[in-house]
Amino acid sequence: MNQAAAKPRTSKLIKGATGDWEIVVGMEVHAQVTSHAKLFSGAPTGFGGAPNDHVSLVDAAMPGMLPVINGECVAQAVRTGLGLDAEINLRSVFDRKNYFYPDLPQGYQISQYKQPIVGEGTVTVDLADGETVTVGIERLHLEQDAGKSIHDQHATMSFVDLNRSGVALMEIVSKPDIRSADQAKAFLTKLRSILRYLGTCDGDMEKGNLRADVNVSVRRPGEPLGTRCEIKNVNSIRFVGQAIDFEARRQVGLIEDGGTVEQETRLFDPGRGETRSMRSKEEAHDYRYFPDPDLLPLEFDQAYVDQLAAGLPELPDARKERFVGAFGLSPYDADVLVAEKENAEYFEAVAEGRDPKIAANWVINELAGRLNREGREIADSPVSTEQLGAIIDLIGEGTISGKIAKDLFEIVWAEGGDPRVVVDERGMKQVTDTGAIEALVDEIIAANPDKARQVREKPAMLGWFVGQVMKASQGKANPQAVNALLKEKLGV
Ligand code: MN
């Protein structure tokens, strides 16, 4: 465990009836490897499809079938390890993890136990309050997913769908370096972001392509680790936070009432916002792990790793640094933009040849705000990077005011079109012609002689005049010109 994470942070402690408690969280994240074929068979991995449509004889564990490792899944695991700044093991071993489940036809899962493909690494997590936490990665191993039992199709029978059986998963295990629900959510968000940048897992939690087992324990600050409970298969980042908060409170209540925490596996019930006991926790030796005799140890050389490293894309941390360093964005704005690769790319396209801060402002406040309200992704934004860029250019050239630009954005959002043409056709151009503005200024002053007298004692009233002139011009008058003319004519 790294030093910073080992030190209790007083602000993260929770209050019990008998004093403060520290929450300790570690996570095991199952991430589905992005690959067209399964880990040991050529069957497709696409989501959906009729039950048992994506199943080879290997996935169904027919007698005599032999697994063959999928090279792309190995490459994806190595890329992920590199993205987590982790040690890559040039030799790893596949083991059988034995247990019975109706949707596990082999009677064992092929996984990696003592010698995983990826060793220790780190994830740097920036929190909204400005705190930075380094979460250690213990390991990453490759393993098979199981099938799915379906219990809601028939009154007395259950069905088994093996479409997922044999799909490659990366199990990413963190160290117990997380100290609050917020840190856990931020860690999972960051991990998901890294995987999506790498293209090694699509991070789609609704489809179950990324799910977290959350290990929670509590202790008095400075004391050894307490007994943990594992909350299985939490499939949303929000639920991870709720499950930790509930579970920590439950454990504190239990211990303060004189009880002890039993090591067990629990389920999170999102409807009730609570965790429930599922089964007492099994130990590794219960699974009778042994090296799979059908598979040779997995070996590759450093040149293979180097070649994959050379092909890695820019990751969120590096991109954030560039947005702050080269573009002068605030760390907060940079964080918001880099969290999703698509947002970062959209922003960069708009910022190209323009003021990056103005571009960031429009992407974060106008565009992302609008997309959020409508529950849409930037990939299907009705306003393209070219259109948003043109709107920003029109402001920069003084053709339209910032206020009109927002109206223009709305029109382009709803109706599309070239912003320049829209401005022409709808007469949205800013009036910089001093003569035209002067006429409006004279008109407003003449109509309000009392206020025109008062403004000399109360210069703050100038704002009222500016507002009236802008309104009379339907927002098209150049605000600087209006201000200057009013000051001159009112003598303030
Ligand atoms: Mn696993």
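The exercises below, each with a worked solution, concern a predicted model of a protein chain with a manganese ion.

**Exercise 1. Domains**

State which domains the assignment gives for the protein chain, and how far apart the centres of domain 2 and domain 3 lie.

Solution. The assignment gives domain 1 as 10-307, domain 2 as 314-425 and domain 3 as 434-490. Taken over C-alpha atoms, the centres of domain 2 and domain 3 are 33 Å apart.

**Exercise 2. The manganese site**

Identify the protein donors of the manganese ion and describe where they sit in the sequence.

Solution. Begin with the donor atoms: NE2 of H30 and OE atoms of E143 and E171 lie 2.0 to 2.2 Å from the manganese ion. Next, take the spacing of these donor residues along the chain, which reads H-x112-E-x27-E. Then place H30 and E143 in the secondary structure. H30 belongs to strand β2 (residues 19-32) and E143 to strand β7 (residues 132-144), so this pair ties together parts 113 residues apart in sequence. Last, check accessibility: both H30 and E143 are buried.

**Exercise 3. Cysteines**

Determine how many disulfides the structure contains, and explain the result for C73 and C201.

Solution. A search of the whole structure finds zero disulfides. The cut-off for a disulfide is a pair of cysteine sulfur atoms within 2.5 Å. For C73, the closest cysteine sulfur is that of C201, 12 Å away, which is too far for a bond. Starting from C201 leads back to C73, again at 12 Å and too far for a bond. As for accessibility, C73 is buried at 0%, and C201 is buried at 1%.

**Exercise 4. Aromatic pairs**

Classify the pairs F239 with F268 and W464 with F465 by the geometry of their rings.

Solution. The structure holds 13 aromatic pairs. In the pair of F239 and F268, the ring centres are 5.6 Å apart and the planes meet at 45 degrees; planes under 30 degrees apart would count as stacked and over 60 as edge-to-face, so this pair is tilted. F239 comes from helix α4 (residues 237-256) and F268 from strand β13 (residues 264-269), so the pair links parts 29 residues apart in sequence. Both F239 and F268 are buried.

The pair of W464 and F465 has a centre-to-centre distance of 5.1 Å and 90 degrees between the planes, and is edge-to-face. Its two members are then sorted by relative accessibility: W464, at 30%, is partly exposed, whereas F465, at 0%, is buried.

**Exercise 5. Charges over rings**

Find which lysines lie over the faces of Y287 and W464.

Solution. K97 lies over the face of Y287, 4.5 Å from the ring centre. Y287 also belongs to an aromatic cluster with Y99, Y101, Y113 and Y289. Over the face of W464 lies K451, at 4.5 Å from the ring centre.

**Exercise 6. Nonpolar cores**

Describe the make-up of the largest nonpolar core and name some members of another core.

Solution. The largest nonpolar core has 103 residues, of which M27, I117 and V214 touch the most other members. Helix α3 (residues 181-198) supplies the largest share of this core, 10 residues. By domain, at least three residues of this core come from each of domain 1 (10-307) and domain 2 (314-425). Apart from this core lies another, of 19 residues, including V441, F465, A477 and L490. F465 was met above as the partner of W464 in an edge-to-face pair.

Terms used:
Residues are numbered from 1 along each chain as its sequence is written. This is a predicted model: local features need pLDDT of at least 70, side-chain atom pairs count only at pLDDT 80 or more; totals for chains, interfaces and linings use all residues. Side-chain values use heavy atoms; hydrogens and water are left out. Domain bounds come from an automatic or database domain assignment. Rings of Phe, Tyr and Trp (its six-membered ring) pair if their centres lie within 6.5 Å; planes under 30 degrees apart count as stacked, over 60 as edge-to-face and the rest as tilted. Helices (H or I, at least four residues) and strands (E, at least two) are DSSP runs, numbered from the N terminus. Buried means under 20% relative accessible area, exposed over 50%, partly exposed in between (1.4 Å probe, protein chains only). A charge sits over a ring if NZ of Lys or CZ of Arg is within 6 Å of the ring centre and within 35 degrees of the ring normal. Donors are N, O and S atoms within 2.8 Å of the metal (3.2 Å for Na, K and Ca); water is not among the atoms, so sites may look incomplete. A nonpolar core is a set of buried Ala, Val, Leu, Ile, Met, Phe, Trp, Tyr and Cys residues joined through side-chain atoms within 4.5 Å.
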